[in-house]
Amino acid sequence: MLTDVDIDQFDRLLADGALLIEVLPRGEYDDEHVPGAVNIPLRDLTAQSVAHIDRANPIVVYCWDSL
C-alpha cells in the first residue's frame with residue numbers, strides 16, 4: 001500500500017524502525033542524504049534490487065525535497 005506522509009509521520013516511521021530507501025542518483029546521495037538511508041537509485045529500483053528487503057516492516061521511499 002502506498003501512502004504519502006508528512007514530516008511528522010516520516011519522523012515517527014523512522015523512529016519506529018522503518019527502512020528508509022533514498023532513490024536519488026548515487027552522486028546526489030553521496031553529497032547529501034538522510035542519515036541511515038539506503039541508496040537504491042530510481043533507475044536501479046527493480047524487484048531484484050529489493051528482493052532482500054524485509055517487507056514485514058514499513059518502508060519509506062524518499063527522493064528529494066526542497067525543504
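## Close-up views: figure legends

**View 1. Asp30 is partly exposed, with a relative accessible area of 47%.** The coordinates shown here and in the following views belong to a predicted model. The side chain of Asp30 meets that of Arg26 in a salt bridge, with a distance of 3.0 Å from N to O. Arg26 likewise counts as partly exposed, at a relative accessibility of 47%. Because Asp30 and Arg26 are four residues apart in helix H2, about one helical turn separates them. Side chains of opposite charge can pair when their charged atoms come close. The structure holds one salt bridge.

**View 2. Glu28 is a residue of helix H2, which spans residues 26-31.** Its relative accessible area is 41%, so Glu28 ranks as partly exposed, between the limits of 20% and 50%. Tyr62 lies 34 residues from Glu28 along the chain, and the C-alpha atoms of Glu28 and Tyr62 are separated by 13 Å.

**View 3. The structure contains one aromatic pair.** The pair is formed by Phe10 and Tyr62, whose ring centres are 6.2 Å apart. The ring planes of Phe10 and Tyr62 meet at 50 degrees, so the pair is classed as tilted, a class that lies between the limits of 30 and 60 degrees. Distant parts of the chain are linked by this contact: Phe10 belongs to helix H1 (residues 7-15) and Tyr62 to strand S3 (residues 59-62), 52 residues apart. Phe10 has a relative accessible area of 13% and is therefore buried, the limit being under 20%. Tyr62, by contrast, is partly exposed, with a relative accessible area of 24%.

**View 4. Three strands form an open sheet in the order S2-S1-S3, with parallel pairing.** Strands S2 and S3 are the edge strands, each of them pairing on one side only. Strand S1 (residues 19-22) pairs with S3 in the parallel sense over four bridges. Among the bridge partners, Leu20 is matched with Val60 in S3, and Ile21 is matched with Val61 in S3. In a regular strand, side chains alternate between the two faces of the sheet.

**View 5. Strands S1 and S2 (residues 38-39) pair in the parallel sense over two bridges.** Here Ile21 stands opposite Val38 in S2. The chain passes from S1 through H2 to S2, and the resulting β-α-β crossover is right-handed. Ile21 also has a bridge partner in S3, namely Val61. Helix H2 of this crossover is the helix that holds the salt bridge partners Asp30 and Arg26.

**View 6. The largest pocket has a volume of about 930 Å³.** Its lining comprises 24 residues, and those nearest the centre of the pocket are Val5, Phe10, Val60, Val61 and Tyr62. The elements that give two or more residues to this lining are H1 and S3. Strand S3 supplies the largest share of the lining, with four residues. Both members of the aromatic pair, Phe10 and Tyr62, are among the residues nearest the pocket centre. Val60 and Val61, also nearest the centre, serve as bridge partners in S3: Val60 for Leu20 and Val61 for Ile21.

Methods:
Residues are numbered from 1 along each chain as its sequence is written. This is a predicted model: local features need pLDDT of at least 70, side-chain atom pairs count only at pLDDT 80 or more; totals for chains, interfaces and linings use all residues. Side-chain values use heavy atoms; hydrogens and water are left out. Buried means under 20% relative accessible area, exposed over 50%, partly exposed in between (1.4 Å probe, protein chains only). Rings of Phe, Tyr and Trp (its six-membered ring) pair if their centres lie within 6.5 Å; planes under 30 degrees apart count as stacked, over 60 as edge-to-face and the rest as tilted. Two strands pair if DSSP finds at least two bridges between them. A crossover is right-handed if, with the strands pointing away from the viewer, the path from the first strand over the helix to the second runs clockwise. A salt bridge is a side-chain nitrogen of Lys or Arg within 4 Å of a carboxyl oxygen of Asp or Glu. On a 1 Å grid over the protein atoms alone, a cavity is a set of points where a 1.4 Å probe fits but cannot get out, and a pocket is an open set with protein on both sides within 12 Å along at least five of seven lines; lining residues have an atom within 4 Å of a point. Grid points are joined across faces, edges and corners, and a volume is the space filled by probe spheres set on the points.
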